[in-house]
Amino acid sequence: RGLVRPGGLWTSLDVVQRTGSTNTDLAGSGGDEGAVLVAEEQSAGRGRLDRTWTAPPRSGLFFSVRLTPGPGVPAGRWGWLPLLAGVATATALSRAAGVDTALKWPNDLLVTVDGAERKTGGILAERAGDSVVVGIGLNVSLRADELPVPAAGSLALAGAKVLDRDPLLRAVLRSLEEWYESWRAAGGDPAGCRLQEAYTAGCATLGRSVRAELPGGRELVGEAVAVDGDGRLVLATADGVQEPVGAGDIVHLRP
Ligand code: BTN
């Protein structure tokens, strides 16, 4: 209703009762940009860094979209897509559900429950040919005893004023369309469409002390001071060096 419209980004919206993973389904199906696939339940939901994504049926939003940036956006900038999706989702949730949503770099969605930051959503972007499948998972109505892990949260626990999944999905897709179209129009330059600025403003990791696990067992501890033009998190270490870490590295916030 209204989302799939002529000239708009979203070309189809399918809802399935149950599947393994909407990311896997969309990545394997080929086809046009703008396909949206929503599942009421996933039996093999996947997260970043080979993690799993589990949630009770109908307790949240589990969906994927296919984006095909095209030759106007150099492939080196496609890495911004998951960060863009994070900004778009956080903005939409703050607006539509009245819940302050922050980003833990690179794209965990955090809400505050009983004074503590809890992960209430995540984003998994995967390259499929000349497309990128962006999957978004959000805990919406979960009660405390339904959380997959104790450190998780949900919009309900954060006091959201809207818990109907339909309006939330619409708000997220609208916001995603807006951000994506302006990013593409800017040739993928994150500064040109104010994405880097919006990301920086919404990122709860900045200003915090973090520990990064780098390849080869190396560890890096420092203050997160910036997100650079490639979407990497820049750490300032105690010896005054600034080092960027990439999305493949595991970052922990230190107390
Ligand atoms: C993460 O936090 O590491 C990312 C989680 C992404 C979960 C969503 S749910 C819809 C889509 N399908 C999947 O299998 N994963 C993403």
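Asp50 is placed in the loop that runs between strand 2 (35-39) and strand 3. In this predicted model, the phi angle of Asp50 is near 60°, a positive value in a residue other than glycine. Asp50 counts as exposed because it has 6 C-beta neighbours inside 10 Å. The chain as a whole is divided into domain 1 (12-202) and domain 2 (209-253). The points below cover the domains, the nonpolar core, helix 2, the ligand shell, the backbone and some individual residues.

**Domains and their contact**

- The centres of domain 1 and domain 2, taken over C-alpha atoms, are separated by 23 Å.
- Domain 1 supplies 11 residues to the contact, and domain 2 supplies nine residues.
- On the side of domain 1 that touches domain 2, the elements that give two or more residues are helix 2 and helix 4 (195-202).
- Helix 4 gives the most to this side of domain 1, with three residues.
- By class, the side of domain 1 that touches domain 2 holds eight nonpolar and three polar residues, and no charged residues.

**The largest nonpolar core**

- The largest nonpolar core has 70 residues, of which Leu84, Val87, Val134, Val172 and Leu195 touch the most other members.
- Helix 2 (residues 80-97) provides the largest share of this core, 12 residues.
- The core lies between domain 1 (12-202) and domain 2 (209-253), because both domains give residues to it.
- Leu84 touches Trp179, Tyr180, Trp183 and Leu195, when residues up to four places away in sequence are not counted.

**Helix 2**

- Helix 2 has 18 residues and reaches 25 Å from its first C-alpha to its last, which is close to the 26 Å expected at 1.5 Å a residue.
- Of the 18 residues of helix 2, 15 are buried, so this helix is largely enclosed by the rest of the structure.
- Gly98, just after helix 2, takes a positive phi of about 65°.

**The shell around the ligand**

- There are 20 residues around the ligand, and Ser21, Gly47, Gly122, Gly135 and Gly137 come nearest.
- Two or more residues of this shell are given by each of helix 1 (22-29), strand 3 (60-67), strand 6 (116-128) and strand 7 (131-139).
- The shell around the ligand divides by class into six nonpolar, 10 polar and four charged residues.
- Which residue is separated by 20 Å from Gly122, C-alpha to C-alpha? It is Val15, and the two are 107 residues apart along the chain.

**Backbone features**

- Most residues other than glycine have a negative phi, and most peptide bonds are trans.
- Asp114 has a phi near 50°, a positive value in a residue other than glycine.
- The loop between strand 5 and strand 6 contains Asp114.
- Asp114 has 9 C-beta neighbours inside 10 Å and therefore counts as exposed.
- Trp105 and Pro106 are joined by a cis peptide bond, with omega at about 0°.
- Pro106 belongs to the loop between strand 4 (102-104) and strand 5 (108-113).

**Individual residues: Val15, Ala152 and Ala212**

- Val15 is part of strand 1 (residues 12-16), and its 11 C-beta neighbours inside 10 Å make it count as exposed.
- Ala152 is found in the loop between strand 7 and helix 3 (165-185).
- Is Ala152 buried or exposed? Ala152 counts as buried, because it has 20 C-beta neighbours inside 10 Å.
- Not counting residues up to four places away in sequence, Ala152 touches Arg118, Lys119, Thr120, Asn139 and Leu147.
- Ala152 and Val111 are 9.3 Å apart in space, C-alpha to C-alpha, and 41 residues apart in sequence.
- Ala212 is located in strand 8 (residues 209-213).
- With 20 other C-beta atoms within 10 Å, Ala212 is buried.
- The residues that Ala212 touches are Glu219, Leu220, Leu235, Val245, Asp249, Ile250 and Val251, not counting residues up to four places away in sequence.
- Ala212 and His252 lie 6.3 Å apart in space, C-alpha to C-alpha, although 40 residues apart in sequence.

Methods. Residues numbered from 1 in each chain as written. Predicted model: local features only at pLDDT ≥ 70, side-chain atom pairs only at ≥ 80, totals over all residues. Near = placed C-beta within 6 Å. Helix = DSSP H or I, 4+ residues; strand = E, 2+ residues; numbered from the N terminus. Nonpolar A, V, L, I, M, F, W, Y, C, P; charged D, E, K, R; others polar. Core = buried A, V, L, I, M, F, W, Y, C linked by C-beta atoms within 7 Å. Buried ≥ 20, exposed ≤ 12 C-beta atoms within 10 Å, placed from the backbone. Domains from an automatic or database assignment. Contact = placed C-beta atoms within 7 Å. Expected span 1.5 Å × (residues − 1).
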